[in-house]
Amino acid sequence: MTIKYISSTILESPEKTFEQQAIDDFNAQNNGVKVEVEGVAANDLMEKYTALAASNSMPDFYMADMKNTTQLVDMGITEDISTVFDEDYLTQFSKDSLSGYTIDGTVSGLPWFTVAQGVVYRTDLFEKNGVKPPTTWDELVDAAKKLTHDDQYGIALVGSKDASGAGRFQYVIRNYGVDEFTQGSDGKWTTDIGGEDYVKALTAFTDLDTKDGVVPPGVTETDYSSAVNLLSSGQAAMLITGSNAIGAITSKVPDLKGKLGSFMIPEVSRNVFSQNGFGFYINPQSEHKDAVAKFLEFIVSKKKSIEFSQLTGRLPTLTDAMNDSSIGKDEALGGFMEQIKTAEPFILPTINGFGEVNDIHGEAYQSVFTGTATPEEAAAKAAQRAQEIVDEANNE
C-alpha cells in the first residue's frame, strides 16, 4: 500500500537529505508499505491543510507546527495518537514535548523534533573582535556594537512579517515577561500583548536597528533564509534563532563547522523555554493508520533522532535521545541544550485564534522598523487586535 505524507522539511536543507534517505530506507524494507511525500513550504502548510480539509482530501499523515495543534483539532483532521500508539511507546517522549500536542487531555500529534531558542554566533568573529558571549541584554547590545564595523554587523534579525520573523520576536518578548494569552481559573482569557513589558521588549528589539545600527540594512525584507546567509557569509556575527539554524548554516558553508557557538537569549525578567517544534499528525479518515505508525516509529527512533539532530540542530523529543552524550558534546548546540535544561517551560496557550499572533507581532515590529509607528503606538494596535481574540474566546 502507499501512504501519502505532506512535509515542509523535505524542501529544506540539510533536512531534506536526512528525510528523503529515511523514506527511501523505509520503502526499501519491502514490508508492503511505501511512503509518498509531497513538499509544502512551512509558511504555507496551514493554508494547504485548510484547502485539503475543505475538499476532504487530506493525506494519510502530515507535518505541522505544534503551535497549530488547536486549529488542526478544530478542523477535525487529527487522530487521537493514543489510539494508534500504545502507552509504553508514548512514555518514551519527554513530557514537555507531548504537552505541546495535547489538547483537552488528548494527544493529537506525535512530536518529531523540538527547536530551542537562543543566539547563534560566529566564534571566529567573536575571537577576532575580543568579544565574549553576553549574558544580559545590555551586554548583547554592547557586543553587537563592537562587532559592527566595515561591512560587518553585530546581529541579523528576521524582520519579515511571517511565522519565522514573529517566532523569533516571541523569544524576546517572553523573556521580558510577556504572556501572550493566559487563561485564569475561571476559564477567562487575558492578554499581555500591548502592555508595559510588551512595549519594553518591542523597543529593545527594534532599537537594535533603528537606534543602535547593528543590524544589516533591509531588516523588514530579511526572512529566515536571508538571515542565515548573512551569518554564513560573515556579514553578521549573531542571529536570534532556533537551534535548527545550525544545520542550515553548516549546510551552506561546511567550513563553518566548529566555528559556531550558541548562548541563551539574555534573561530580562525571566528565562523561559518556549515550546516549539514540529510533529506528525494522522488523518482520522486514513485507512492505513497502522502503516503510518510503522513509518513514524522508524523515523522517530533514537538512532534516527540523534542523526537528525546532529545534522540539522533540530533537537530530539525522545528522552533517551535527548540525554545521549553525543548531543551534549556539540559546542554549537551548547546554549540551546542549556536552555532546555535550565529554563522554565513556557506552555503555549490553547486559545482559539492563537495563530493570528504571527501577523499581530509582525505588523508591530515592522511598523517600528519602518518608522510608521512608535513602539507605544505599535503596541497599542497589537493590544487591540489581541483583545479581540480574547473577547471572542471568552464569548464562546
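Phe61 is a good place to start in this predicted model: its relative accessible area is 0%, so Phe61 counts as buried, the cut-off being under 20%. Tyr5 is buried too, with a relative accessible area of 1%.

These residues meet through their rings. A pair of aromatic rings is described by the distance of the centres and the angle of the planes. For Tyr5 and Phe61, the centres are 4.4 Å apart and the planes differ by 5°, which makes a stacked pair. Tyr5 belongs to strand S1 (residues 2–7) and Phe61 to strand S3, so their contact ties together parts that are 56 residues apart in sequence.

Now turn to Tyr62, which is buried at 0% relative accessibility. Tyr49 is buried as well, also with a value of 0%. Their ring centres lie 4.7 Å apart with the planes at 55°, so this pair is tilted. Since Tyr49 sits in helix H2 and Tyr62 in strand S3, the pair ties together parts that are 13 residues apart in sequence.

Stepping back, the whole structure holds 28 aromatic pairs. Ring pairs also build a cluster, and among its members are Tyr5, Phe61, Trp112, Phe278 and Phe308.

Phe278 leads us on to the largest pocket, whose volume is about 1,200 Å³. Of the 45 residues lining this pocket, Phe278 is among the closest to its centre, together with Ala42, Asn43, Ala163 and Ser164. Elements that give two or more residues to the lining include helix H2 (45–54), strand S3 (61–65) and strand S13 (277–282). Helix H8 provides the largest share, six residues. By type, the lining has 16 nonpolar, 17 polar and 12 charged residues.

Methods
Residues numbered from 1 in each chain as written. Predicted model: local features only at pLDDT ≥ 70, side-chain atom pairs only at ≥ 80, totals over all residues. Heavy atoms only, no water. 1 Å grid on protein atoms, 1.4 Å probe; cavity = no way out; pocket = protein on both sides within 12 Å on 5 of 7 lines; lining within 4 Å. Points joined across faces, edges and corners; volume = space filled by probe spheres on them. Helix = DSSP H or I, 4+ residues; strand = E, 2+ residues; numbered from the N terminus. Nonpolar A, V, L, I, M, F, W, Y, C, P; charged D, E, K, R; others polar. Phe/Tyr/Trp six-rings, centres within 6.5 Å; stacked < 30°, edge-to-face > 60°. Buried < 20%, exposed > 50% of the residue type's maximum accessible area, 1.4 Å probe, protein only.
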